Amino acid sequence: THDYDLVRDTYDKHRKIIESSLEPVREQIVVVTEAVSTLTQREKEITHQGETVKEEIHVMIKQIIDLLLQSERKLTEDVYLAVRHKLSMLSQQKQKAKTTLGQLTDCYDFVEQGLKVGTPQQVLSAQPQMIDRTNSIIKSFKPESFQPVEQADIKLVKSKKIEEVHKSIGE
């Protein structure tokens with residue numbers, strides 16, 4: 001039993017030494033466990049922040065798209081109004097040109113018909129009337145008034161900044 005007592009005394013002594021060497025390990029376990037918990041919490045925060053920022057980006061881009069669609073509608077309306085105005089002006093001018101063409105054609109046909117079917121006496125007697133009519137129509141005729149008053153100059157002038165917009169949307 002003496003050997004047994006010796007082993008037991010030695011064992012108890014060494015066990016205490018070994019157990020006391022575990023204390024720093026136990027303390028490190030607590031520290032590392034807390035670190036794992038902190039890291040897990042940080043992962044959750046970063047994941048949540050990432051999702052929040054992605055949603056904010058989505059909302060911001062939707063707002064930008066809405067603004068672009070508003071701009072498109074306004075620009076389209078501006079083009080529609082410009083085209084309508086130009087076409088209206090040209091339509092009025094074209095109607096005047098058609099009226100003048102009708103008057104010129106009537107005058108030409110009247111005088112030509114008189115020359116074709118009229119006897120020399122009828123032509124001579126109608127000459128002052130024919131000359132007055134042709135002179136009158138010629139004096140009222142102003143060829144410059146039939147030049148288009150509106151230019152075919154509708155075009156889009158793009159903003160040079162538009163190419164840079166996507167680079168400055170956000171960070």
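## A salt bridge within α1

R42 is partly exposed, with 47% of its area accessible in relative terms. This structure is a predicted model, and in it the side chain of R42 meets that of E45 in a salt bridge, with 3.4 Å from N to O. Both residues belong to helix α1, where R42 and E45 are three residues apart, about one turn of the helix. E45 is partly exposed as well, at a relative accessible area of 35%.

R15 and E19 offer another pair to look at. Their closest N and O atoms are 2.9 Å apart, and the two residues form a salt bridge. R15 and E19 are both in helix α1, and here the spacing is four residues, again about one turn of the helix. Relative accessible area is 40% for R15, which makes R15 partly exposed, and E19, at 38%, is also partly exposed.

## A link between distant parts of the chain

In general, side chains of opposite charge can pair when their charged atoms come close. Over the whole structure, a search finds nine salt bridges. One to zoom in on is the bridge between the side chains of D153 and K86, at 2.8 Å from N to O. This pair connects distant parts of the chain: K86 is in helix α1, D153 is in the loop between α2 and α3 (162-165), and the two are 67 residues apart.

How do the partners compare in exposure, buried or partly exposed? D153 counts as partly exposed at 43% relative accessibility. K86 is buried because its relative accessible area, 13%, falls under the 20% cut-off. K86 also belongs to one network with E150 and D153, joined by salt bridges that share partners.

## Two more places along α1

Helix α1 covers residues 2-117, and Q49 is one of the residues found in it. With 48% relative accessibility, Q49 counts as partly exposed. If you would like a feel for distances, try the C-alpha atoms of Q49 and L101: they are separated by 76 Å, with these positions 52 residues apart along the chain.

T100 has its place in helix α1 too. Is T100 buried or exposed? T100 is buried, because its relative accessible area of 18% is under the 20% limit. Once neighbours within four places in sequence are left aside, T100 is in contact with F141 and F146.

## Helix α2 and its bend

Helix α2 is made up of 21 residues, 120-140. From the first C-alpha to the last, α2 reaches 29 Å, close to the 30 Å expected at 1.5 Å a residue. Where does α2 bend? The bend is at A126 and amounts to about 50°, and a proline, P128, follows within four residues.

A126 appears again among the buried residues of α2, which are V123, A126, M130 and I137.

## Rings and charges

To finish, here is a friendly look at the rings. The count of aromatic pairs comes to one. There is also a charge placed over a ring: the charged end of R133 sits over the ring of F110, 4.6 Å from the centre of that ring.

Technical notes: Residues numbered from 1 in each chain as written. Predicted model: local features only at pLDDT ≥ 70, side-chain atom pairs only at ≥ 80, totals over all residues. Heavy atoms only, no water. Buried < 20%, exposed > 50% of the residue type's maximum accessible area, 1.4 Å probe, protein only. Phe/Tyr/Trp six-rings, centres within 6.5 Å; stacked < 30°, edge-to-face > 60°. Lys NZ or Arg CZ within 6 Å of the ring centre and 35° of its normal. Expected span 1.5 Å × (residues − 1). Bend = angle between axes of the 7 residues up to and from the residue. Salt bridge = Lys/Arg side-chain N within 4 Å of Asp/Glu carboxyl O. Contact = heavy atoms within 4.5 Å.
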